[in-house]
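Student: Could you zoom in on one part of this model for me and take it slowly? I'd like a single connected walk-through, with the backbone oddities and side-chain contacts tied together.

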Amino acid sequence: MDAFINSPVTLKQLRILLSIAETESFSATASAVGLTQSAVSQAIKALDENLGISLIERTSRQVSLSADGRELIGPLREALFNLDLVIERARQKGSAARGTLTVACGSTVTGRDLAGRLAFAQQSYPDIRLQLRDLTHTSVIDAVHSGSAELGICVDDSIPSDLHSELLLHDDYSVFCCVDHPFSRRSEIPVGLLKYETLVLLSSNSGGRASLDSFLSRYGINPAVAQEVAQPAMAMSLASERFGVAVLPTSCGDAAPNPRVCRIKISPKLDHCVSIVTRQAANLSEAARLVKDALTRRHRKTSTDSGITLIVPFPPNGPADRYARYFAQVFSEKIERRVSVDNAVGLGGLLGVHKITRSSPDGLTIGLAGTGATVFSCVGKGDNLFDVFHDVTYLHGLVNVPNILLVGSHVAAWRMTDLIAQARMRPGKYQIAHVGQGSLSVLADLFQKKTDLLLNARNYEGLVPAMTDLMKQRVDIVFAEAAGAMSAITNEVVRPLMVAGHQRPSWLPDTPTCEECGLPDVFADGGYCLVAPTGLKEDIRHGLTRAIVETLESPAIKHDFMSLGGTPDYRTGDMYVEYIKSEHARWRALNVSLLD
């Protein structure tokens, strides 16, 4: 007897059925799920046996769902999306717990080189959260010993033998003096001349003093009579006021610059090395191993040998995520490099765009932005996380998506006039979903304002839970993006009453537009654009834009976007900026605010 038959219904069988519904092909499904075509057929046969119905109608030319299959596929798609979302959230939570890495750093270990290495490590592994601790040299050693920090960064001086150290970067010592000090005219200072100066040194717990004191003593200089301070900035300030001359690691000039202080090399040279410190017997976590490797890597990755991160400010398996993943696949083929999708969820899509604005302008981080971030975050009151015109580079449009007003099948309304009439007869009876902080939420506000209806608002972070509640009759009215509503509409578990735009989609030829419903102001463009941080070099921006255009013109993207109810958006970055400005003016004129 076949292994699939008379066994419980499995998740794999359900996913196979969903893939067949989307591809209408056993062979394409077999390739997608990594099985043979025979195994796919057995899975469907077993599913038919277990459910007692026939789900597939197969002819010599095509494969299609039976009536029973069509009835099942809509709820099944939503259920699997919800399951994937739960699993992804659990994975993200576990990743966050495993990915927090504490790095203890000596308070006087400074310089652009170190800061650049730390930033590079964080950019290379964005899922690992670096937690820096600014400590004295002794405290860094203690933190690594105790395990409260897996990695320590400190001066390679007086490191206990039971710790492992690996050279991170080279530095040396220089003299820092006031710009009108006699030393300032020299290009190099023999160390013996320091015997007659008031010296300012970093305190003994800063690290590196053992080697510096020994060096000075060899030239007859007593470091015990020097002035001691805890921070390089204080040493610079004293030098600027001619209180003395500071002998500091050369990199301190980058970390604590002072326009009244100049830097001169010491002869002979005294090295000041910085190392990464770990416990000898400890097995490093994967996060610590990866970050340590990134810190010690001699050459940074460049835009020609690194993958690109595509930040999506919305949950996995939601409409925006599905558009993004379709785009990423074809875009990766065009640029012949890996493209990774990073879901940075929060604040209705603002948090992900905020993350983009804080990334390095090297062309390795781009992302999606919806109208919640580019338009409606500026319409409301309050402080904005970023400036939509000065902190963001608009690369190109991505996808146009119609927004649709839906009612549940339990609502006895087949036309907009029916809904308005019933809502007026029963004020406060109907519940309307406010989804996120973008166009879907503001449309709900505007619909109530223009119809003068009393509806109860129910807030949702995303569209998937709102659609679930609509199908379960927990909410009555939802404005939805096409991708999140198509299957429910097709399976007649929800009913479209109005397109919140000026054109009927080809797949909804019988659903009137807002103008046809007598509500011309109740429209808002859906869809998303592609953005990057400011500061992109022109050649990098041009290369990205060219590849984006080629991707959007590909037949695969047009087909995939259409399958989700959207169409490619061919607006250039400059055109998108003008569109956003016009939308700001329009929504302010309508006096619609998402933020109290």
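**A close look around Arg242**

Tutor: Leaving aside its neighbours within four places in sequence, Arg242 is in contact with Cys178, Asp180, His181 and Pro182. Bear in mind that this is a predicted model. Arg242 sits in the loop between helix H8 (232–240) and strand S10. Its backbone is worth a look, since phi of Arg242 is near 60°, a positive value in a residue other than glycine. Most residues other than glycine have a negative phi, which is why a positive one catches the eye. As for cover, Arg242 has a relative accessibility of 45% and therefore counts as partly exposed, because that falls between the 20% and 50% cut-offs. If you want a sense of span, go from Arg242 to Pro555: these two are 313 residues apart along the chain, and their C-alpha atoms are separated by 71 Å.

Now follow the chain onward from Arg242. Strand S10 covers residues 245–249, and the loop between S10 and helix H9 (252–255) holds Thr250. Is Thr250 buried or exposed? At 10% relative accessibility, Thr250 counts as buried, because the cut-off for that label is under 20%. And what is Thr250 in contact with? Setting aside neighbours within four places in sequence, the list has Asp171, Asp172, Tyr173, Ser174 and Phe176, along with Arg263 and Lys265.

Keep going and you reach another backbone feature. The peptide bond from Ser267 to Pro268 is cis, with omega near 0°. Most peptide bonds are trans, so a cis one deserves a note. Pro268 is in the loop between strand S11 (261–267) and strand S12 (271–279). Just past Pro268 in the numbering is Leu270, and Leu270 takes us back to helix H7: apart from neighbours within four places in sequence, Ser211 is in contact with Asp157 and Leu270.

So, helix H7. This helix runs over residues 209–218 and includes Ser211, which is partly exposed at 28% relative accessibility. Ser211 also gives you another long span: Ser211 and Leu398 are 187 residues apart in sequence and 59 Å apart in space, C-alpha to C-alpha.

H7 has a salt bridge of its own. The side chains of Arg209 and Asp213 meet there, at 2.9 Å from N to O. Arg209 and Asp213 both lie in H7, four residues apart, about one turn of the helix. How is each of the two partners covered? Arg209 counts as buried, with 7% relative accessibility, whereas Asp213 is partly exposed at 22%.

For context, the salt-bridge count comes to 17. Asp418 forms one of them with Arg415, the closest N and O atoms being 3.6 Å apart, and Arg415 is exposed, with a relative accessible area of 55%. In another, the side chains of Asp569 and Arg571 meet at 2.7 Å, N to O; here Asp569 counts as buried, at 2% relative accessibility. Back at H7, there is a network too: salt bridges that share partners join Arg209, Asp213 and Glu228.

You might ask where to look for another positive phi to set beside Arg242. Try Glu492, whose phi is near 60°, again in a residue other than glycine. Glu492 is in the loop between helix H17 (482–490) and strand S21 (494–499). Glu492 is exposed, at 65% relative accessible area, while Arg242 is partly exposed.

Two stops away from this part of the chain round things off. One is a helix pair: H11 (residues 319–335) and H19 (residues 555–563) pack at an angle of about 170°, with their axes 10 Å apart. H11 and H19 are therefore roughly antiparallel to each other. On the H11 side the contact is made by Tyr323, Tyr326, Phe327 and Val330, and on the H19 side by Ala556, Ile557, Asp560, Phe561 and Ser563.

The other stop is on the surface. Leu11, Leu83 and Ile87 make a nonpolar patch of about 200 Å². Of these, Ile87 is found in helix H4 (residues 67–98) and is partly exposed, with a relative accessible area of 31%. That value just qualifies Ile87 for the patch, because membership requires over 30% relative accessible area.

Notes: Residues numbered from 1 in each chain as written. Predicted model: local features only at pLDDT ≥ 70, side-chain atom pairs only at ≥ 80, totals over all residues. Heavy atoms only, no water. Patch = residues over 30% accessible without salt bridge, like charges linked within 9 Å, V, L, I, M, F, W, Y side chains within 5 Å. Areas by Shrake-Rupley, 256 points an atom, 1.4 Å probe, with all protein chains shown as cover. Salt bridge = Lys/Arg side-chain N within 4 Å of Asp/Glu carboxyl O. Helix = DSSP H or I, 4+ residues; strand = E, 2+ residues; numbered from the N terminus. Buried < 20%, exposed > 50% of the residue type's maximum accessible area, 1.4 Å probe, protein only. Axes fitted to C-alpha atoms, helices over the stretch in contact; angles between N-to-C directions. Parallel < 35°, antiparallel > 145°, perpendicular 65-115°, else oblique. Contact = heavy atoms within 4.5 Å.
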